[in-house]
Structures are given as C-alpha cells and as structure tokens.
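The report below concerns a predicted model. It takes up the annotated domains, the surroundings of the ligands and one helix pair in turn.

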Amino acid sequence: AAPLDPRDPLGIDDLLSEEDLAVRDTVRAWCADRVLPHIADWYEAGELPTVRELARELGGIGALGMHLEGYGCAGASAVQYGLACLELEAADSGLRSLVSVQGSLAMYAIHRWGSEEQKQTWLPRMAAGEVIGCFGLTEPDHGSDPASMRTNAKRDGADWVLNGRKMWITNGSVAGVAVVWAQTDEGVRGFVVPTDTPGFSAPEIKHKGSLRASVTSELVLDNVRLPEDAVFPDVRGLKGPLSCLNQARYGIVWGALGAARSCLETAREYSLTREQFGRPIGGFQLTQAKLADMSLELNKGLLLALHLGRRMDAGTLRPEQVSYGKLNNVREAIEIARTARTILGANGISFEYPIMRHANNLESVLTYEGTVEMHQLIVGKTLTGLDAFR
Ligand code: TGC
Ligand code: FAD
C-alpha cells in the first residue's frame, strides 16, 4: 500500500463531500494568495492595513455569514463553515476572528434576533463585506460574567439612550455597525448601533502581544440616542448574546486546529531538513514522539469538530457540546504550537516561521469566547448538575 499522507493520516478527507472540499480549497487558495505573503509583516506592524479590502474579498468568496440563509448569505453547511474557519486560522487567527465576529456574532445576532427591517438594512451589505460589524458584550469590569454588565439603555420618549463602555471588541474601530448588549428595565437587550451615531466612538487598543493582525477596540457609548426600532424586538436576557456565542465558539472549534495544523506542518518539514549530530532531527525518537502526539491530538480534534458540525447541520447540537469542542481543541492547539516551537529550536521564536505568531494568537483564543475555566465549569455543570460559577 502507498504510504499514508502525513497531512491526513487518518483519511478524514474521505468523510467530506466534494462540495466540502471545494469550499475548503477556495478559502485555502484565497489565504495563500491574499494573506500568507503579508501576514508576518502585518503581525509585526500590529495592524491589518487592508482590512476593508479583505472584508470585501471575503464577501466575494461567500465567507461572511456563510452558514446563514437568505439576505445575500451563502447558505453553506456548518461543516463547510468550520472548514473555512480552519483554513483562515491556518493563515492567522486574526483573519478567522474577522470572519467569526462578522458572521457568527454580528450577522448571526441580526439574522436570529433582528426585525425584518434590521435584516434587510444590514445583512446583504454585511454579507458582501461592504459593512463590517462588531459585537459588544464584554466590558472593562465584566468579562466572564456578562450578566453583571453596566452598559445601559434607557427610554427617553420614543428613543433609547445608551451609556457605557465595552472592552476588547474585535473589529470595533473599523465597524459600520455595532451590536451592543445593554441592561434595560426588562433585562439585557441587544441594540443595532450605526457607528456614525453621535456619542459612539471606538478607540483602538494597541500594544497587544497576541492577535496583532486583528483590530481590537474599546466601545464608548456616551448618550448614544437611537430610535425605538434599533432594539432587537423579541429577546430579553443573556440568552440573546449567548446564542450568538454558540455560533462563534463552534467556528473556533475548527479554527484553532488550523493554527495547530500550520505549526505541526512547519515542525514536521523542518525536522526533515534540520540536521544535528549528523542526521535529521526528525530521525530522533524524541522528535518523533512529539510529532506523533501532535498529529494524534490534531486528528482527534478534527474528528470532534466534524462530529459537532454534523450535529449542528442536523439541528441537534447543544451549547454544552460546543464547550467540549472549544475547551479541547483550543487547549490542544496551544499545546501543539508550543511543542512545534521546541522542534525549531531558536528558529522557533522567529517570526520568519509562523509558529510563534500562532502560539501568541492562541493565547487570545484560549481566553475569548469563554475562557478555559468557563468551559470547564459548563462541562462540570453538565456532568454534576451543580452550578459552580458563583
Ligand atoms: P445562565 O443563568 O446560565 O443563563 C442565562 C440565560 O441564558 C441561557 N443560556 C444560553 N442560551 C444560549 N446559548 C448558551 N450557550 C447559553 N447559556 C446559557 C440560559 O438558558 C438562560 O436563559 P433564560 O431564558 O433562562 O434567561 O447565565 P450565567 O449568568 O450563569 O452565565 C453563564 C456563563 C458563565 C456560562 C456565561 O455567562 C458565559 O458563557 N460567560 C463567558 C462570556 C463569554 O464567552 N464572552 C465572550 C464575549 S464575545 C467574544 O469573546 C468574541 S471574540 C471573537 C473573535 O474575535 O473571534
Ligand atoms: P475575567 O472574566 O476577568 O477572568 C479572569 C480569569 O478569572 C480567567 O482565567 C477566568 O477564567 C477566571 N474566572 C472568572 N470567573 C471565574 C469563576 N467563576 N471560576 C473560576 N475562574 C474564573 N468580547 C466581546 O464581547 N466581543 C469581542 O469581539 C471580543 N473580542 C476579543 C478579542 C480579543 C483579542 C480578546 C483578548 C478578547 C475579546 N473579547 C471580546 C473579550 C473576551 O470575551 C473576554 O476577555 C473573556 O470573556 C474573559 O473576560 P475577562 O478578560 O474580563 O476575564
């Protein structure tokens, strides 16, 4: 028999349809052409200089709000959306973040909870990448516990007036529309805020050591006056924002493995050409143990992602199951990145190779969309029925 493909030793590709593979190849080719030649420079500079152009191109290949139906969205399957996230994050977590926040958070929120008018107004332009969206849940003093948020919306005649601050908001400074969650007399509600509304500003957060090729911002809401119809009509309480997080977390289940794949491939190739003690380091048993364990975890993670994707497509995926995926796959991805880094020795710390960039990015991925600890507690509650959050 022919040797197994080291890039797909378990034959997971055989579980995917022609259409799935075509979507994957399209996104992979786009990343190779438009992102990989520049990403190391963008990362070092701490910017995503062509973000608006990239958004339009991503819209052009159908990657924005990809698994949503109607309103100019591609209507792809959850598995296809996952494969796209994986390819984007194999380039850089910042690209996957751009797409996650646009499609799974901002667009999904409007698609799931918006009025028909809100959907018509925003979704087609967001799907095309003409308008970038952001999603403001986290605040400076309330991250894991969004129920305690302070940002508030009060009625004033027929208007709403929003005050407060959101922190660590992906896409904030380049967004044309912000989905902002705020306390009201009726509990937490979601607002669709055009970012040119007076009183809204989004200063960019600089000096990040992670996700440097991604725009991260503070949102400042200073008496932002919105019409009555700016609110999502039918959802109250945390289930509004948390329903969106399920979508984005699902994309991360796949995405993190893209970063891991890039690290493993880099280390495997390096181990075949780098010689010490007169032979390739890939020939030493200790290096092979590392490569074997990395490959094992990557492929187990892929099977888990595919399982969850199939459940999402069947409409049977539960939020707690997404927590299993996010917890495992991000934690294993960062472990793979760190191990891959050791195989490159000193070269491993250089941005000439992608590993250090991925490893640094995964520190954010480990924290956002629910920290490791939050997902452990969600799984813990699933197993015991006991709530250990507070
Ligand atoms: P709890 O009392 O458990 O629930 C309140 C209400 O929400 C419902 N619910 C959910 N609904 C849908 N999906 C879920 N996953 C849900 N989890 C809970 C629940 O049924 C209840 O509904 P109802 O109708 O009874 O009101 O809420 P809690 O306050 O105890 O909080 C639970 C906890 C800690 C798990 C939750 O707050 C949490 O997940 N915290 C982590 C916060 C987080 O993940 N933030 C992410 C911000 S966005 C982001 O990071 C974007 S980065 C993206 C990028 O750049 O790629
Ligand atoms: P905290 O909640 O203060 O947690 C600090 C530590 O305490 C963590 O280890 C946590 O797990 C632990 N902890 C907290 N409570 C408990 C408990 N009950 N039991 C045990 N341990 C606990 N948010 C958005 O809304 N939109 C975005 O677009 C967005 N983009 C982001 C982009 C980046 C690059 C980053 C880094 C973050 C982004 N976030 C965004 C914010 C992110 O969701 C939060 O950082 C995350 O939810 C954690 O909140 P926190 O940073 O306030 O940490």
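## Annotated domains

In this predicted model, the span of residues 17–130 is 71% helix and 0% strand, and its end C-alpha atoms lie 31 Å apart. An unreviewed UniProt entry annotates residues 17–130 as "domain: Acyl-CoA dehydrogenase/oxidase N-terminal".

The same kind of description can be given for residues 134–224, a span with 0% helix and 52% strand whose end C-alpha atoms are 16 Å apart. For residues 134–224 the annotation, again from an unreviewed UniProt entry, reads "domain: Acyl-CoA oxidase/dehydrogenase middle".

## Surroundings of ligand 1

Ligand 1 is surrounded by 24 residues, of which S97, L242, P319, Y368 and G370 come nearest. Two or more residues of this shell are given by each of the helices α5 (93–113), α7 (239–273) and α11, and α7 gives the most, with 6 residues.

Sorted by class, the shell around ligand 1 consists of 13 nonpolar, 9 polar and 2 charged residues.

## Surroundings of ligand 2

Around ligand 2 there are 19 residues, and the closest of them are L137, G143, S144, T371 and E373. The elements that each give two or more residues to this shell include both strands and helices, namely β1 (133–136), β3 (159–170), α10 (355–367) and α11 (372–384). The largest contribution to the shell around ligand 2 is that of β3, which gives 3 residues.

By class, the shell around ligand 2 divides into 9 nonpolar, 9 polar and 1 charged residues.

## Packing of α9 against α10

Helix α10, which gives two or more residues to the shell around ligand 2, also packs with helix α9 (residues 319–343), at an angle of about 155 degrees and with the two axes 9 Å apart. Because angles over 145 degrees count as roughly antiparallel, α9 and α10 are therefore described as roughly antiparallel to each other. The crossing in which α9 passes α10 is left-handed.

On the side of α9, the contact is made by V330, A333, I334, A337, R338, A340 and R341, while α10 contributes I355, M356, H358, A359, L362, V365 and L366. Taken by class, the residues of this contact comprise 11 nonpolar, 1 polar and 2 charged.

Definitions and conventions:
Residues numbered from 1 in each chain as written. Chains lettered and ligands numbered in written order. Predicted model: local features only at pLDDT ≥ 70, side-chain atom pairs only at ≥ 80, totals over all residues. UniProt positions renumbered as here; feature names shortened; annotations may be inferred. Helix = DSSP H or I, 4+ residues; strand = E, 2+ residues; numbered from the N terminus. Near = placed C-beta within 6 Å. Nonpolar A, V, L, I, M, F, W, Y, C, P; charged D, E, K, R; others polar. Axes fitted to C-alpha atoms, helices over the stretch in contact; angles between N-to-C directions. Parallel < 35°, antiparallel > 145°, perpendicular 65-115°, else oblique. Left-handed = near helix turned anticlockwise from the far one by under 90°. Contact = placed C-beta atoms within 7 Å.
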